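This report concerns a single protein chain and its three-dimensional arrangement. The sequence and the structure are shown first.

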Amino acid sequence: MRTLTIAILILAASLPPSFAANATSLVELLEQGKVKLQPVGLGGHSGDCLRVDVHNASSTAISTSIPPGWIFVSESNSVQDLLVVREEVLALQPGAN
């Protein structure tokens with residue numbers, strides 16, 4: 001068992017760094033004005049019901065993600081809030097959408 005544990009640790013150490021290690025928090029990017037999000041409801045109640053238009057307003061490339069559980073709060077009481085159910089990874093060049 002000890003040999004298996006050591007082998008797993010060696011394997012884990014040899015893997016490339018994860019995306020999360022190189023990503024910047026979406027909250028941080030929004031607070032700094034480096035990224036702009038525009039959620040758009042697509043109708044329906046299952047499947048792909050949400051599209052998020054993303055703009056990198058910074059002068060550098062960004063890597064981030066919209067985490068599961070993120071809630072886009074509707075500006076209207078007659079339209080439901082939208083919930084992100086799976087992580088969406090974002091990588092954008094400067095000025096890109």
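The sections below treat the overall fold, the nonpolar core, selected residues, the salt bridges and a surface patch.

## Overall architecture

The structure is a predicted model. The protein contains 3 helices and 6 strands, and along the sequence these elements follow the pattern α-α-α-β-β-β-β-β-β. Of the 97 residues in the protein, 19% are buried.

The exposed area of the protein is about 7100 Å², of which carbon and sulfur atoms supply 57%. Among contacts between residues at least 6 apart in sequence, 50% join residues at least 24 apart.

## Nonpolar core

The largest nonpolar core has 13 residues, and those with the most contacts inside it are L26, V35, V54, I66, W70 and F72. At least two residues of this core come from each of helix 3, strand 1 (35–41), strand 3 (62–66) and strand 6 (88–92).

W70, one of the residues with the most contacts inside the core, can be described further through its neighbours. When residues within four places in sequence are left aside, W70 is in contact with L26, V27, L30, L82, L83 and V84. Among these partners, V27 belongs to helix 3 (residues 26–31) and L83 to strand 5 (residues 82–83).

## Residues V27 and V89

V27 has a relative accessible area of 41% and is therefore partly exposed, since that class lies between 20% and 50%. Between V27 and T64 the separation in sequence is 37 residues, while their C-alpha atoms are 9.6 Å apart in space.

V89 is located in strand 6. Its relative accessibility is 47%, so V89 counts as partly exposed. V89 and I66 are 23 residues apart in sequence, with a C-alpha to C-alpha distance of 6.5 Å. I66 is also among the residues with the most contacts inside the largest nonpolar core.

## The environment of N56

N56 lies in strand 2, which covers residues 50–56. Why is N56 classed as buried? The relative accessibility of N56 is 0%, and buried means under 20%, so N56 falls in the buried class.

The side chain of N56 makes a polar contact with the side chain of S58 at 2.6 Å. Not counting residues up to four places away in sequence, N56 touches K34, A61, I62, L92, Q93, P94, G95 and A96.

## Salt bridges

How many salt bridges does the count come to? The total is 3. In one of them, D48 pairs with R86, and the closest N and O atoms are 3.4 Å apart. D48 is in the loop between strand 1 and strand 2, and R86 is in the loop between strand 5 and strand 6, so the pair ties together parts that are 38 residues apart in sequence. D48 is exposed because its relative accessibility is 58%, whereas R86 is partly exposed, with a relative accessible area of 47%.

R86 also forms a salt bridge with E88, for which the closest N and O atoms are 3.2 Å apart. E88 has a relative accessible area of 34% and is partly exposed. Through shared partners, salt bridges join D48, R86 and E88 into one network. Another salt bridge links the side chains of R51 and D53, with an N to O distance of 3.0 Å. Both partners are partly exposed: R51 has a relative accessibility of 39%, and D53 has one of 34%.

## Nonpolar surface patch

A nonpolar patch on the surface is formed by I71, V73, L83 and V85, which together have about 420 Å² of accessible area. Within this patch, L83 has a relative accessible area of 51%. Exposed means over 50%, so L83 is classed as exposed.

L83 thus appears in two of the descriptions above: L83 is part of the surface patch, and L83 is also listed among the contacts of W70.

Methods
Residues numbered from 1 in each chain as written. Predicted model: local features only at pLDDT ≥ 70, side-chain atom pairs only at ≥ 80, totals over all residues. Heavy atoms only, no water. Helix = DSSP H or I, 4+ residues; strand = E, 2+ residues; numbered from the N terminus. Buried < 20%, exposed > 50% of the residue type's maximum accessible area, 1.4 Å probe, protein only. Polar contact = N/O pair within 3.5 Å; in protein donor to acceptor, adjacent residues only side chain to side chain. Contact = heavy atoms within 4.5 Å. Patch = residues over 30% accessible without salt bridge, like charges linked within 9 Å, V, L, I, M, F, W, Y side chains within 5 Å. Areas by Shrake-Rupley, 256 points an atom, 1.4 Å probe, with all protein chains shown as cover. Salt bridge = Lys/Arg side-chain N within 4 Å of Asp/Glu carboxyl O. Core = buried A, V, L, I, M, F, W, Y, C linked by side-chain atoms within 4.5 Å.
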